[in-house]
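Here's a quick tour of a protein model for you. Have a look at the picture first, then we'll walk through a few of its parts.

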Amino acid sequence: MYLQLKQIPGPNSSILFNKEFHKLLTSKQPFHDIYHIINRMSDEYGQDGLFCLIRTPIQHLIVTDFSMAQKLLNNDNFLNRSMEYRFFHFLIQDNLFTCNQRTLRQNKRLLLPYFRIQSMNNFLENSKNFLKLLNENIDNCIDNNDGHYPNAGQIIDCFIVDSIGVNFFNTEFNTIRSGFKMTDWLEIVGELLSTGSMQIFNPIFLYIPFYNVLLFLSKKFTHLYYRFKIGIDQIITERIEAIIRNDNEKEDCKEQSANNDETMLDQMIRSRIIDGNITQMQEIRSQVNIICLAGYDTSKTSLSWCLYLLGHHQSIQQRLYDEIQQFYDRLNSNDEEITISNMKQLKYLDCCIYETLRLYNPASLIGRSTCRSIQLSNGWHIPKGVNIMFLFRRINRDPKYFHQPEIFNPERFLMNNDDNNKDNDNDDQGITIDHKRLTFFPFSGGIRPCIGKEYAMMQMRLFLINIIGRYKIQSLDQYGDAFNRLDFIHPSAKFPIQFQRR
Ligand code: HEM
C-alpha cells in the first residue's frame with residue numbers, strides 16, 4: 001500500500017518522526033492545531049487537489065480542492081466513514097451518521113420517512129408556534145431592557161431545541177417558555193463533542209485500536225457521557241409510558257383510530273412494543289442520538305453565525321429586510337400563509353444562509369474511507385481502506401473560486417445580469433441564484449449528503465424571515481470577537497445583541 005500511495009504528493013516520513021504531530025499529544029486544542037498543520041501542508045503539497053498527510057502506519061489523504069472533492073464524493077467507493085468516526089460510533093452507536101456501507105441502507109430506511117415533505121409541513125407549523133413565543137419574549141425585552149440580550153446564541157439554541165423536541169420526539173423541552181433555561185443534557189452536547197475531539201485528533205488514537213475505552217480514564221468525559229446517556233433514555237422512557245397510557249385509555253373506550261400526531265420517536269416505539277414490552281431499545285436510542293447530535297448542533301451553529309454576520313453588516317440586513325417585506329406584501333395580497341414552498345422565493349435570504357455556511361460551516365471537515373481500491377483519471381491509485389479527509393473549511397475559502405473569500409458577501413451567489421443559464425433558479429422578482437457558484441458543500445455532497453438539509457433550511461428560513469421581518473438587529477461586540485477557536489463541530493457564535501422594533 002505504501003508503494004501505491006507513493007505517486008501521491010506529500011511528506012515521505014512516517015508520522016512517528018514528525019515533530020509537529022508529536023506536539024498534538026499534549027495540545028489542549030488538537031483540532032485547531034491539526035487544522036493549521038494540514039493547512040500549511042496543503043500550501044506545500046496540495047496543488048493537485050489531493051495529498052498524502054500520513055503514509056505510515058495508517059494512510060490518510062487530504063482533499064483540498066473543490067473539483068477533486070466533487071469527483072470523490074460522487075464515487076460510490078467512498079461510502080464508508082474514516083477511522084475518526086470510531087469515536088462517534090462508540091458515543092452514539094450505529095446510525096445513519098456513523099454507519100458504513102454494510103448498514104447504510106437499513107439506517108436510511110429507518111430515518112428517511114421522517115424527512116419527507118409531508119412531515120416538513122407539520123414541522124413548519126410547530127416551529128411557527130415557537131417563534132410566536134420567542135417574539136413575545138423579545139417584545140418584553142425591548143419594553144423592559146432596551147432589547148439587549150447578553151448572548152444571542154442562547155435564543156437560537158432554545159428555538160432549535162424546542163422545535164426538535166416537538167417535531168421528532170413529541171416532547172416539550174420548554175426552554176423558551178422557561179426564559180431560555182437549557183435542558184441539562186443538551187448543554188453538554190457541545191462539551192462532549194469538544195472533549196471527544198481532544199481524543200480524536202490526538203495521534204495516539206491512530207495507534208491504539210480500543211482507545212475509546214481509555215476515554216473513561218478521564219473523569220470529565222465519564223461524567224459528560226453518562227449525563228448525555230441518561231438524558232436520552234429519559235426522553236425515550238417518558239414517551240414509552242405516554243404511548244402505553246394512551247393506548248390503554250383508548251382500549252377502555254374502545255377507540256380504534258390511529259394517532260396522526262405521532263412523531264418519529266413515537267412511531268419507532270410503537271412498532272417495537274410487543275405485549276406491553278419494548279424491544280430493540282438500542283436501535284431506538286441510536287436514532288434519537290443522531291437527531292440530537294446532527295440536528296441540534298449544526299442548525300444552531302449556522303443560525304447563530306448568520307445572525308452575527310447580519311448584525312454586523314447593516315446594509316446587507318437592510319437588503320434582506322426589503323426582500324422579506326416584499327414577500328409579506330405578496331402573501332397579504334394573495335391571502336396566503338408562509339409555506340415550505342413559498343419561502344423558497346426569497347433568493348437573497350438563501351444567499352445570506354449559503355454565505356454563512358460557506359464561512360462558518362459547522363462541519364469544517366468530513367472523513368471517508370475507500371470500500372474498494374480506485375483509480376483516478378490522472379492515474380493515481382488509491383487502495384481499499386485508505387482514510388480521506390475533505391477539508392471543507394479550506395475548500396470554502398479557496399480564492400480560486402471565491403473572490404476575497406474572507407469577506408461576508410451574500411451577493412457572490414447571485415447571477416450576473418448578463419449570465420443566462422437555464423440551470424439556475426429564477427424567480428419572478430428577477431433575482432437568480434447561480435448554482436454554479438455553489439462550489440462548496442454546505443451539506444456535504446455526492447451520494448451520501450445530509451439527510452436533514454430540507455429541515456435545516458426550513459428552520460433557518462423561517463427564523464430569519466420572522467426575526468429580520470420584525471426587528472432590526474445589531475451585534476454589540478467588536479466584529480471578530482466572536483470568531484473563536486476551531487473545533488470538530490464549529491462552535492456557535494456567542495455575542496451580545498440588541499433588537500429594535502421595525
Ligand atoms: C445547517 C445545518 C446542517 C448542516 C450544515 C449539516 C451538514 C452535514 C454534513 C456536512 C454532513 C456530512 C457529514 C459526513 O459525511 O461526515 C451531514 C450528514 C448528516 N446530517 Fe446534517 N447538517 C445540518 C443539519 C442536519 C439536521 C437538522 C439533521 C437532522 C435532523 C441532520 C442529519 C444528518 C445525518 C443523519 C447525516 C448523515 C447522512 C449520511 O451519512 O447518509 N443534519 N450533515
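Let's start with what lines the ligand's surroundings: the shell around it has 15 nonpolar residues, 7 polar ones and 1 charged one. Keep in mind that this is a predicted model.

**Around the ligand**
- In total, 23 residues surround the ligand, and the closest are G295, T298, S444, C450 and G452.
- Two helices, α14 and α19 (453-470), each chip in with at least two residues of that shell.
- The top contributor is α14, which gives 7 residues to the shell.

**Helix α14**
- This helix covers residues 281-312, so to speak a run of 32 residues.
- From first C-alpha to last, α14 reaches 47 Å, close to the 46 Å you'd expect at 1.5 Å a residue.
- Most of α14 is covered, with 27 of its 32 residues buried.

**The sheet**
- Strands pair up through backbone hydrogen bonds, and they can do that in a parallel or an antiparallel way.
- Here, 5 strands make an open sheet with mixed pairing, in the order β1-β2-β10-β7-β3.
- The edges belong to β1 (50-54) and β3 (80-81); each has a single partner strand, so one side of each has no neighbour in the sheet.
- Strands β7 (residues 366-369) and β10 (residues 387-390) are an antiparallel pair, joined over 4 bridges.
- If you want one bridge to find, I366 is partnered with F390 in β10.

**Helices packed on the sheet**
- Helix α3 (residues 30-45) packs on the sheet and touches β1 and β2 (60-63), with its direction at about 130° to that of β1.
- Helix α4 (residues 66-73) also packs there, touching β1, β2 and β10, and its direction makes about 120° with that of β2.

Note on methods
Residues numbered from 1 in each chain as written. Predicted model: local features only at pLDDT ≥ 70, side-chain atom pairs only at ≥ 80, totals over all residues. Pairing = 2+ DSSP bridges. Contact = placed C-beta atoms within 7 Å. Axes fitted to C-alpha atoms, helices over the stretch in contact; angles between N-to-C directions. Expected span 1.5 Å × (residues − 1). Buried ≥ 20, exposed ≤ 12 C-beta atoms within 10 Å, placed from the backbone. Near = placed C-beta within 6 Å. Nonpolar A, V, L, I, M, F, W, Y, C, P; charged D, E, K, R; others polar.
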